[in-house]
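Here are some notes to keep beside you on a first look. Take them in order, and turn the view as you read.

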Amino acid sequence: MQDFAEAFRLAARLVLSGDPTLMEIIALSLRVSLSALAIAVLVGLPAGAFLAIARFAGRNALLVVLNALMGLPPVVLGLLVYLALSRAGPLGALGLLYTPTAMIIAQSLLITPIIAALSRQVIEDLDREYGEQFRSLCLSPYRRIAVLVREGRLALTTVALAGFGRAIAEVGAVIIVGGNIAHVTRVMTTAIALETAKGELALALALGLVLMTIALLVNGAVMAIRLGTGDERHA
Amino acid sequence: MFPASPRIAALALVVIAAALAGLPGAAPATAGEKPFIILQSTTSTANSGLYDAILPKFTERTGIEVRVVAVGTGQAIKNARNGDGDVLLVHDRAAEERFVAEGWGVARFDVMYNDFVIVGPRSDPAGIRGLKSASAAFARIAEAKAPFASRGDNSGTHKKELRLWKAAHVDPIAASGRWYRETGSGMGATLNAASAMNAYALTDRGTWIAFANRGDLAILVEGDPALFNPYGVILVNPARHPHVKRREGQAFIDWITGPEGQAAIAAYRLKGHQLFFPNARREAKARERK
């Protein structure tokens, strides 16, 4: 298994050399997945908060569907987005296929259900915990949600990290809608798939190590922010 | 109405910054960008490094960038039918001619060729080493029930493989899951699988030469005329798909079938081997003779 040692050497060399192609691929990976996360949070968090508080007919069925969508295979979603964005599809005229935008769309759709379903759970649990107090304070639903989101921010940050993790790690959707075009839509995961296809296993593994390092740095940064703001004491 | 919390403000800032970072990419990339075409292509030409070597020359000459989507021939043709590409460069002549006949493509031009080879474990349990006939080799593999890794993905290589089984009077699908193993993936992934299983496989020579994870595999059968592997280039029909970049796409086809592109293909070497042999000019002459 000399591939492992070779992979670590290659990964170190790649990162230290600041290889411009690698930096470009890393930057695009972060841009696509962070954008997808931003969109997913903007849509998923309010949706989750609403579902946590609201009671209406069919809510349980909706929750089951939402929870099930967390398991949507990226390749299936990629295929659906491809069919929509293809020139032969309903949104073909936009010419978005094989662009980073298409990848952002696919990843947003992939992780919005995750953000919505998990934040629903977080907020609903908190709501149960604080229910008595809310009733005694006669808070409006909006005010109630605001308090719950603030109180649940630590768990909600973890929810966002879960969404980000899913987005940055997936390959099935972006390789279909992005096309893995060099310098245009090639991200870490599709580059890894390509190097594997070339039989360059050590290089593929090295890229994987770089990807895991990035994930580690992102999570570390979030932890540092928490500690810096003293949030951990309340956690 | 939100309690003024610096943490929430910070979080909001991060989210907004991330959203803004995404915005430049969210706008359709057109204005001020250099012209480009999308080339729906087979994987062998991309994975072997050919495009990296020759496409910059075309871009330098014409200012047109070539964005390569490298997928199996079957998928490339499907994508091109949907209009998701300007030019198609693949290697399944029958399917290419059907593509043009059905009006999806304007015309097919020969570009280059290489050949397929049969690779397998050095121990060669089916005893095919040095056979002159690919179908005879396939018949022996079936007879020995020796593991064979098939693309199984409707690619140009897969179609060629199925024709060879037919010529060998073997129905490999009947043995699917036993000695016949369909990987359903690209050439590289299939070679990775063959390498891990010590299985036989059919591969184009270009991918094989470029392939870095051979394990115990080696070329066992080559040189049969049935293993000829021609590549064709087709402009997607603007009459079917009006957004097709006819001028830029045609410029690419003219270049790759012209003296400069053909010379670039012939000059490409990997590990000292010539991977692709240009044949556009020869075809043009043959057509004149007709």
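**A covered helix in chain B**

1. Let's begin with α4(B), where the buried residues are Thr73(B), Gln75(B), Ala76(B), Ile77(B), Asn79(B), Ala80(B) and Arg81(B). Helix α4 of chain B runs over residues 73–81, and seven of its nine residues are buried, so it is fair to call the helix mostly covered. Please keep in mind throughout that this is a predicted model.

2. What covers the buried residues of α4(B)? Both strands and helices of chain B take part: the cover includes the strands β1 (36–41), β2 (65–70), β3 (87–90) and β9 (228–236). The helices α5 (93–101) and α7 (156–167) of chain B are also included in that cover. After α4(B) comes Gly83(B), and its phi is positive, near 85°.

3. One of those covering strands, β1 of chain B, holds Leu39(B). Is Leu39(B) buried or exposed? Leu39(B) counts as buried because 26 C-beta neighbours lie inside 10 Å, and the cut-off for that label is 20 or more.

4. Which residues does Leu39(B) touch, once neighbours within four places in sequence are left aside? Its contacts are Val66(B), Arg67(B), Val68(B) and Val69(B), together with Gly85(B), Val87(B) and Leu89(B). For a sense of how the chain folds back, look at Leu39(B) and Asp86(B): 47 residues separate them in sequence, but their C-alpha atoms are 6.1 Å apart in space.

5. Now move along chain B to helix α10, residues 246–257. This helix has twelve residues, and from first C-alpha to last it reaches 16 Å, close to the 16 Å expected at 1.5 Å a residue. Buried residues in α10(B) are Gly249(B), Phe252(B), Ile253(B), Trp255(B), Ile256(B) and Thr257(B). It may help to recall that an α-helix has 3.6 residues a turn, so residues three or four places apart point the same way.

6. Gly249(B), in helix α10 of chain B, deserves its own stop. Why does Gly249(B) count as buried? The reason is its 25 C-beta neighbours inside 10 Å. Beyond four places in sequence, Gly249(B) is in contact with Ile37(B), Asp86(B), Val87(B), Leu235(B) and Val244(B). Val87(B) is thus a name you have met before, being in contact with Leu39(B) too. Val236(B) is 13 residues from Gly249(B) in sequence, and the two C-alpha atoms are 8.4 Å apart.

7. Chain A is built from ten helices and zero strands. Its C-alpha trace spans about 65 × 50 × 30 Å along the principal axes. Of the 235 residues in chain A, 46% are buried. Among its contacts between residues at least 6 apart in sequence, 79% join residues at least 24 apart.

8. To finish, find a helix pair in chain A: α4 (residues 74–85) and α5 (residues 100–137) pack at an angle of about 130°, with axes 10 Å apart. That angle makes α4(A) oblique to α5(A), and the crossing is right-handed. From α4(A), Pro74(A), Leu77(A), Gly78(A), Val81(A) and Leu85(A) meet Ala102(A), Ile105(A), Ala106(A), Leu109(A) and Leu110(A) of α5(A). By class, this contact has nine nonpolar residues, one polar and no charged ones.

Notes:
Residues are numbered from 1 along each chain as its sequence is written. Chains are lettered from A and ligands numbered from 1 in the order in which they are written. This is a predicted model: local features need pLDDT of at least 70, side-chain atom pairs count only at pLDDT 80 or more; totals for chains, interfaces and linings use all residues. Helices (H or I, at least four residues) and strands (E, at least two) are DSSP runs, numbered from the N terminus. The expected span of a helix is 1.5 Å times one less than its number of residues. A residue is buried if 20 or more other C-beta atoms lie within 10 Å of its own, exposed if 12 or fewer, and partly exposed in between; C-beta atoms are placed from the backbone. Two residues are in contact if their C-beta atoms, placed from the backbone, lie within 7 Å. Axes are lines fitted to C-alpha atoms, for helices over the stretch in contact, and angles run from 0 to 180 degrees between N-to-C directions. Angles under 35 degrees count as roughly parallel, over 145 as roughly antiparallel, 65 to 115 as roughly perpendicular and the rest as oblique. A crossing is left-handed if the near helix is turned anticlockwise from the far one by less than a right angle, and right-handed if clockwise. Ala, Val, Leu, Ile, Met, Phe, Trp, Tyr, Cys and Pro count as nonpolar, Asp, Glu, Lys and Arg as charged, and the others, Gly among them, as polar.
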